[in-house]
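The following exercises invite the reader to work through a structure step by step. Each task is followed by a worked solution.

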Amino acid sequence: MPIEITELENLIKSHFSNGEVEIQDLAGDNDHYCAVVRSPSFVGKSRIEQHKMVQKAVEGYDIHALQIKTKAI
Amino acid sequence: MSENPIFVQIKKEIDDNEIVLFMKGTKDFPQCGFSSVVANILGNMGVEYKDINVLADNDIREGIKIFSDWPTIPQLYVKGEFIGGCDIIKEMSQEGELQELFAEKGISSAA
């Protein structure tokens with residue numbers, strides 16, 4: 001189900017308090033986003049683990065397409 | 001507790017084939033942009049792989065998400081190990097890591 005960009009940003013930010021979160025709207029339909037998350041909590045984790053942490057943050061929200069880019073800082 | 005036959009089937013596919021791509025559509029006719037991206041990356045690398053069309057089997061489509069603990073399709077397995085979905089594969093390909101992974105695992109590629 002669609003989610004507003006600011007709501008999505010706040011949702012992910014709440015799971016990465018020391019990190020930076022940037023959301024790009026890819027289609028203007030509140031259902032296709034790219035989330036760029038930079039966080040120290042990614043240090044030492046594999047890409048899969050990092051992406052799962054972001055996926056967990058949006059669990060329950062059925063976003064049609066969420067591209068994820070992560071970076072340990 | 002008996003093994004879920006779908007998981008048994010999935011396990012067999014990833015054990016029997018060096019590279020397996022669970023995707024929407026087929027490698028020749030992808031039916032989703034994300035699946036298409038991964039199929040193209042593998043195609044350009046010239047590696048042999050088995051494509052499994054989840055749109056043809058809803059049990060597999062749902063089963064693989066539980067099996068991998070990963071919510072989306074496509075999903076790439078190399079020598080029985082889950083490597084990632086479209087975003088991860090694209091990034092690894094751009095950074096040369098995918099090529100390195102295949103070399104490391106002894107998978108031959110044309111590239």
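Two strands count as paired if DSSP finds at least two bridges between them. The model examined here is predicted.

**Exercise 1. Determine how strands β3 and β4 of chain B are paired, and describe the turn between them.**

Solution. Step 1: strand β3(B), residues 75-78, is joined to β4(B) by three bridges, which satisfies the requirement of at least two. Step 2: the two strands run antiparallel. Step 3: as an example of the register, Leu76(B) has Gly84(B) in β4(B) as its bridge partner. Step 4: β3(B) and β4(B) form a hairpin with two residues between them. In that turn, Lys79(B) has a positive phi of about 45°.

**Exercise 2. Establish the strand order of the sheet in chain B, and explain why β2 and β4 of chain B each have one side without a neighbour.**

Solution. Step 1: the sheet is open and consists of four strands in the order β2-β1-β3-β4. Its pairing is mixed. Step 2: β2 (50-53) and β4 (81-84) of chain B stand at the edges and have a single partner strand each, so one side of each lacks a neighbour in the sheet. Step 3: on average, neighbouring strands of this sheet are turned by 25° against each other, direction ignored. Step 4: helix α2(B), residues 33-45, lies across β1 (19-23) and β3 of chain B. The helix runs at about 160° to β1(B).

**Exercise 3. Describe the backbone of chain B in the loop between α3 and β3, using Asp69(B) and Pro74(B).**

Solution. Step 1: Asp69(B) is placed in the loop between α3 and β3 of chain B. Its phi is near 55°, a positive value in a residue other than glycine. Step 2: Pro74(B) is found in the loop between α3 (58-68) and β3 of chain B. Step 3: the peptide bond that joins Ile73(B) and Pro74(B) is cis, with omega about 15°.

**Exercise 4. Work out the sheet of chain A and the way its strands pair.**

Solution. Step 1: three strands form an open sheet in the order β1-β2-β3, with mixed pairing. Step 2: β1 (20-25) and β3 of chain A occupy the edges with a single partner strand each, so one side of each has no neighbour in the sheet. Step 3: from one strand to the next, the twist averages 15°. Step 4: β1(A) and β2(A) run antiparallel and are joined by six bridges. Here Ile23(A) stands opposite Ala35(A) in β2(A). Step 5: the hairpin of β1(A) and β2(A) has six residues between the strands, and Gly28(A) takes a positive phi near 75° there. Step 6: β2(A), residues 32-39, pairs with β3(A) in the parallel sense over eight bridges. Cys34(A) stands opposite Gln67(A) in β3(A). Step 7: helix α2(A) lies across β2 and β3 of chain A, running at about 125° to β3(A).

**Exercise 5. Characterise the contact between chain A and chain B, and identify which elements of chain A supply it.**

Solution. Step 1: nine residues from chain A and 14 residues from chain B take part in the contact. Step 2: the two chains bury about 1100 Å² between them, with 52% of this on carbon and sulfur atoms. Of the area that chain A buries against chain B, 53% comes from Arg47(A), Ile48(A) and Lys52(A), more than from any other three residues. Step 3: between the chains there are four residue pairs in polar contact, with both residues at pLDDT 80 or more. Step 4: α2 (47-57) and β3 (65-72) of chain A each supply at least two residues of the side that touches chain B. With five residues, α2(A) gives the most to that side. Step 5: the residues on this side of chain A divide into four nonpolar, three polar and two charged.

**Exercise 6. Find the salt bridges across the interface of chain A and chain B, and explain why the pair of Glu91(B) and Arg47(A) joins two chains.**

Solution. Step 1: side chains of opposite charge can pair when their charged atoms come close. Step 2: a pair qualifies here if the nitrogen and the carboxyl oxygen lie within 4 Å. By this rule there are 13 salt bridges over all chains, and four are found across the interface of chain A and chain B. Step 3: Glu91(B) forms a salt bridge with Arg47(A), whose closest N and O atoms are 2.9 Å apart. Glu91(B) lies in helix α4 (residues 86-94) of chain B and Arg47(A) in helix α2 of chain A, so the pair joins two chains. Step 4: Asp69(B) forms a salt bridge with Lys52(A), and here the closest N and O atoms are 3.5 Å apart.

Key: Residues numbered from 1 in each chain as written. Chains lettered and ligands numbered in written order. Predicted model: local features only at pLDDT ≥ 70, side-chain atom pairs only at ≥ 80, totals over all residues. Heavy atoms only, no water. Contact = heavy atoms within 4.5 Å. Buried area = accessible area lost by both parts, 1.4 Å probe. Salt bridge = Lys/Arg side-chain N within 4 Å of Asp/Glu carboxyl O. Polar contact = N/O pair within 3.5 Å; in protein donor to acceptor, adjacent residues only side chain to side chain. Nonpolar A, V, L, I, M, F, W, Y, C, P; charged D, E, K, R; others polar. Axes fitted to C-alpha atoms, helices over the stretch in contact; angles between N-to-C directions.
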